[in-house]
Amino acid sequence: MQPRNMSMSGVVDLAAVKAANEAKAKAEQARAEAARQGGGGAVAPSGLVIDVDEAGFERDVLQRSNEVPVVIDFWAEWCEPCKQLGPLLERLATEYNGRFLLAKIDVDANQLLMQQFGVQGIPAVFAVVAGQALPLFQGAAPERQIRETLDQLIQVAEQRFGLTGIAVAPAGEGDESAAAAPEEPVGPYDAALGAAVQALDAGDFAGAVQAYQNVLSEDPGNTEAKLGLAQAELLGRVKDLDPNKTRQDAAARPDDVAAQVAAADLDLVGGHVEDAFGRLVEAVRRTRGDDRDAARVRLLELFEVVGADDPRVTAARSALARALY
């Protein structure tokens with residue numbers, strides 16, 4: 001599955017906006033100024049992931065982007081896909097050990113930043129390099145593709161702008177939060193759920209589906225396994241789709257439920273939740289018999305991906321009831 005905007009073309013285009021030598025000079029100046037003020041030392045591992053708001057955006061993102069690429073994760077508490085992507089990005093920020101900084105922005109509390117970046121759906125991931133913003137990807141993505149994008153970002157940031165990252169202190173050194181963190185309890189299905197997540201990150205969607213089904217066979221009410229299964233099945237369905245052809249087919253054949261179902265899957269993976277729901281509600285309204293049932297069942301499956309508590313699911317359930325009755 002190729003996430004929308006999973007491309008580094010925007011980084012390359014920055015050369016036309018800001019000459020590489022200017023960016024390098026600016027970065028060097030920023031590092032020198034930080035050293036002069038007593039900063040620029042090694043940061044604790046916990047400092048690689050920061051929460052950013054509108055008031056601190058210039059300091060925490062724009063200024064820091066002259067030292068290190070800043071990856072921005074736009075998220076919200078109600079966004080179920082965000083709960084999968086966020087921890088993955090945080091883990092990668094620690095693993096990359098200062099090659100990039102992860103800034104997390106809650107869109108509900110920072111609507112202005114969301115508008116300024118043109119965020120249409122979440123999760124959405126951007127980067128800021130030497131003060132210049134660019135889109136990375138939107139929606140769910142396998143770990144291997146996220147790694148490829150981060151590697152390209154880091155390479156371009158170093159070669160074009162001289163950004164080599166920031167020094168990170170050894171784990172536990174100057175990091176009181178890490179030392180004080182309590183050991184998390186181990187649940188009866190943690191190993192199986194962990195295996196499912198690893199399969200999902202590796203793009204082995206069939207393996208992830210099987211792992212989640214194994215948990216559900218013993219614990220049918222396991223919420224984490226239900227959500228994971230719905231997401232793994234969705235990613236497995238879209239991985240071989242041609243986005244352009246799928247959308248063209250759906251536009252040309254509004255009564256073709258198979259075409260609408262495939263396009264709705266792409267909508268959801270791209271973060272366009274209302275579009276996915278609306279497309280399938282309309283398919284239910286326009287069809288009868290087996291076709292109607294197929295559209296209804298897929299809509300219920302997508303409800304599982306987003307989460308029953310999401311207000312968009314509540315609204316879509318009401319719209320589905322009206323379409324059926």
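Cys79 and Cys82 are joined by a disulfide, with their sulfur atoms 2.4 Å apart. Keep in mind that this is a predicted model, so every number here is computed from its atoms. The protein as a whole has 15 helices and 5 strands, and 47% of its 325 residues are buried. Let's walk through it topic by topic.

**The disulfide and its neighbour**

- A disulfide is a covalent bond between the sulfur atoms of two cysteines.
- Searching the whole structure turns up 1 disulfide.
- The link of Cys79 and Cys82 is right-handed, with 80° about the S-S bond.
- Are these two cysteines buried or exposed? Both Cys79 and Cys82 are buried.
- Glu80 belongs to helix H4.
- Glu80 has a relative accessible area of 16%, and it counts as buried because that value is under 20%.
- Leaving aside residues up to four places away in sequence, Glu80 touches Leu227, Gln231, Val305, Val306 and Gly307.

**Strands around S3**

- Strand S3 covers residues 101–106, and 5 of its 6 residues are buried, so the rest of the structure largely encloses it.
- Which strands pair with S3 in the parallel sense? Strand S1 (residues 49–51) does so over 3 bridges, and strand S2 (residues 70–75) does so over 6 bridges.
- On the S1 side, Ile50 has Ala103 of S3 as its bridge partner.
- On the S2 side, Trp75 stands opposite Asp106 in S3.
- To get from S2 to S3, the chain passes through helix H4 (residues 80–95), making a right-handed β-α-β crossover.

**The nonpolar cores**

- In soluble globular proteins, nonpolar side chains tend to be buried together.
- Here, the largest nonpolar core has 43 residues. Leu200, Tyr212, Leu234, Leu268, Phe277, Leu299 and Leu302 have the most contacts inside it.
- Which elements give two or more residues to this core? They are helices H8 (190–201), H9 (205–218), H10 (223–238), H12 (257–269), H13 (273–286), H14 (289–306) and H15 (311–324).
- Take Leu200 as an example: not counting residues up to four places away in sequence, Leu200 touches Gln84, Pro142, Phe205, Ala208, Tyr212, Ala232 and Leu235.
- There is also a second, separate core of 26 residues, and Leu48, Leu101, Val107 and Phe126 are among them.

**Unusual backbone spots**

- Most residues other than glycine have a negative phi, and most peptide bonds are trans.
- Ile122 and Pro123 are joined by a cis peptide bond, with omega about 0°. Pro123 sits in the loop between helix H5 (111–116) and strand S4 (124–129).
- Asn97 isn't a glycine, yet its phi is positive, near 55°. You'll find Asn97 in the loop between H4 and S3.
- Ala130 isn't a glycine either, and its phi is positive at about 50°. Ala130 lies in the loop between S4 and strand S5 (132–138).
- Asn97 is partly exposed, with a relative accessible area of 45%, whereas Ala130 is buried, with a relative accessible area of 2%.

**The whole protein**

- Among contacts with a separation of 6 or more, 73% are between residues 24 or more positions apart.
- The accessible surface comes to about 15,900 Å², and 49% of it belongs to carbon and sulfur atoms.

Note on methods:
Residues numbered from 1 in each chain as written. Predicted model: local features only at pLDDT ≥ 70, side-chain atom pairs only at ≥ 80, totals over all residues. Heavy atoms only, no water. Helix = DSSP H or I, 4+ residues; strand = E, 2+ residues; numbered from the N terminus. Buried < 20%, exposed > 50% of the residue type's maximum accessible area, 1.4 Å probe, protein only. Contact = heavy atoms within 4.5 Å. Areas by Shrake-Rupley, 256 points an atom, 1.4 Å probe, with all protein chains shown as cover. Pairing = 2+ DSSP bridges. Right-handed = clockwise from strand over helix to strand, strands pointing away. Core = buried A, V, L, I, M, F, W, Y, C linked by side-chain atoms within 4.5 Å. Disulfide = S-S within 2.5 Å.
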